[in-house]
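Me: Could we walk through this one side chain by side chain? I'll ask and you answer.

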Amino acid sequence: MQTEALLKAFERYVERHELFSHEDKILLTVSGGVDSMVMLSIFVRLGYNVGVAHCNFGLRGEESDGDTEMVLQECEKLGIVCHSKRFDTEAEMARTGDSMEMAARRLRYGWFNELCHTEGYAVIAVAHHANDSIETFFINLLRGTGLRGLTGINRQYGRVVRPLLYATRKDILEYAVQNKIPYREDSSNRSTKYLRNKIRLGLLPLLREINPKFTPLMRGNLYRLNNAQLFIDAAIDRIRQEAVRSENGIDTIEVAAIDKIYPLEFVIYEILNSTYGFKGDVVEELCGALKRGVTDRRFYSRDYVAYLDRGDIMVARIEEEDDCEVVVEMDDMRSYCGNSVLYYEHTDIDNVNEYQLPNDVALIDESKLQYPLRLRRWREGDSFIPFGMAGRKKVGDYLTDCKVPIVERKRQFVLVSGEDIVWIVGRRTDDRFRVGANTENVLRITKYTI
């Protein structure tokens, strides 16, 4: 696509979707890669009122510093205000237990929103394009998702907008070459240890080989899937008005009020997922309990607890004193605790390749466990024997010694067998459950932040 055609397509896309206007003050998130540098050029050429936010996460040493220097120089040349900030991403990962991607995302969006508040920006523009949206489709497809996860990247979420979703990576690269736009290549984009890069560098080229028109075909698919999701959202909003009532901080989903022409489990999933953040397998378990008339179980999302009462579903915010207790049976594959999910893998000792593992992975001698296990928040008086030690230590003292912030301390989960703590989740196992010379069967538990 030629430069003028790309610029006109940009203006049509922004106008059609009412993303922003020339009167808005817009914060451009510019990393130094080709996508964000082209976005900066387009906004400046079209006369928008912009400032730039650049993050240096300190993860690639001199390469990161070179990105910062180039962005600062380009903004100075264009006469654009540039807000630049260096983050200690590794310290944030250590503090929260989050993955690098999650920690960096929280740091940057927290800062972007702060800049909007202090500097008066109305909109945050991010340089995702059509290929990014297609890659997101396949990432979610491979991880398992509902229709919403197959709609690609949203063009707008709150004050965050993505005005380049109409353009392909090829369009953007051609614009950069035609207009001699400076940019830097992130070396991590060539690493196939990340799922997105495996899809970008491995899967998608094969699909384009099978069908050279794959990219425009997928753009059309995503457009139709988005329309289908919009239709579903409108229908769910109407059902919600008829079937959900709120009183004293508790929302009641009156199951009998959901018209029988609708697929019941799908409607329940859409309400619980879109409004309260419940995951698909949790909703599946809840619906199974609903069919069986079970009333003694609780089901958790990150911020809400759901339970069944006389055929209705009651949903309330989790209070700090709520244990969020979840029962873990031997054949369970996963369970949720707060903003994390635990995956359980049963294996034998011969398949354990390494014992020096990060804190978010635990190896447990399964013969020492009493099922069902319980996953709950820690309580005052809880104690355990930290791995590698002989004496007991109170969980509260352990968290204090680890300098865990008070807010996170309140949300700390423990995995319990009988009356004994097996694992301070994401931090340390109990020495009594360690894998040893006589271990045959191992339970490997991996914690992921969601």
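Reply: A charge sits over a ring if NZ of Lys or CZ of Arg is within 6 Å of the ring centre and within 35 degrees of the ring normal. Bear in mind that this is a predicted model, where local features need pLDDT of at least 70, side-chain atom pairs count only at pLDDT 80 or more, and totals for chains, interfaces and linings use all residues. Residues are numbered from 1 along each chain as its sequence is written, and side-chain values use heavy atoms, leaving out hydrogens and water.

Me: OK, so how far is Lys25 from the ring centre of Tyr121?

Reply: Look for Lys25 over the face of Tyr121. Its distance from the centre of that ring is 4.8 Å.

Me: On to ring pairs: why is the pair of Phe10 and Phe20 tilted?

Reply: Rings of Phe, Tyr and Trp (its six-membered ring) pair if their centres lie within 6.5 Å; planes under 30 degrees apart count as stacked, over 60 as edge-to-face and the rest as tilted. A search of the whole structure turns up 17 aromatic pairs. For Phe10 and Phe20 the centres are 6.5 Å apart and the planes sit at 45 degrees, so the pair is tilted.

Me: Which elements hold Phe10 and Phe20?

Reply: This pair links distant parts of the chain, its members being 10 residues apart. Helices (H or I, at least four residues) and strands (E, at least two) are DSSP runs, numbered from the N terminus. Phe10 belongs to helix H1 (residues 3–17), and Phe20 to the loop between H1 and strand E1 (25–29).

Me: Are Phe10 and Phe20 buried or exposed?

Reply: The cut-offs are under 20% relative accessible area for buried, over 50% for exposed, and partly exposed in between (1.4 Å probe, protein chains only). By that yardstick, Phe10 and Phe20 are both buried.

Me: What is the angle between the planes of Phe10 and Tyr48?

Reply: Phe10 also pairs with Tyr48, at 6.3 Å centre to centre, in an edge-to-face arrangement with 70 degrees between the planes. Here too distant parts of the chain are linked, 38 residues apart: Phe10 is in helix H1, while Tyr48 is in the loop between helix H2 (34–45) and strand E2 (49–56). Both partners are buried. So the plane angle you asked for is 70 degrees.

Me: Which residues form one aromatic cluster?

Reply: Phe10 and Tyr48 are among them. The full membership is Phe10, Tyr13, Phe20, Phe43, Tyr48 and Tyr166.

Me: Let's turn to charges. How many salt bridges does a search of the whole structure find?

Reply: A salt bridge is a side-chain nitrogen of Lys or Arg within 4 Å of a carboxyl oxygen of Asp or Glu. Searched that way, the whole structure gives 24.

Me: Where do Arg169 and Asp132 lie?

Reply: These two make a salt bridge, with their closest N and O atoms 3.8 Å apart. The pair ties together parts that are 37 residues apart in sequence, because Arg169 lies in helix H7 (residues 169–178) and Asp132 in helix H6 (residues 130–143).

Me: What is the relative accessible area of Asp132?

Reply: Its partner Arg169 counts as partly exposed at 21% relative accessibility. Asp132, however, is buried, with a relative accessible area of 7%.

Me: Which residues are linked with Asp132 in a network of salt bridges?

Reply: You've already met one of them, Arg169. The residues linked with Asp132 are Glu135, Arg169, Arg196 and Arg200.

Me: How many residues apart are Arg148 and Asp233?

Reply: The two side chains meet in a salt bridge of 2.8 Å, N to O. Arg148 sits in the loop between H6 and strand E5 (156–157), and Asp233 in helix H9 (residues 214–243), which puts distant parts of the chain in touch, 85 residues apart.

Me: At what relative accessibility does Glu270 count as buried?

Reply: Glu270 also forms a salt bridge with Arg148, at 3.3 Å from N to O. Since Arg148 lies in the loop between H6 and E5 and Glu270 in helix H10 (residues 264–276), the pair ties together parts 122 residues apart in sequence. Arg148 is partly exposed at 28%, whereas Glu270 counts as buried at 2%.

Me: Now the backbone: what is omega near for the peptide bond from Tyr371 to Pro372?

Reply: Pro372 is in the loop between strand E15 (361–365) and strand E16 (373–377). The bond is cis, with omega near 0 degrees.

Me: And what is the relative accessible area of Lys180?

Reply: Lys180, in the loop between H7 and H8, isn't a glycine but has a positive phi of about 50 degrees. Lys180 is exposed, with a relative accessible area of 74%.
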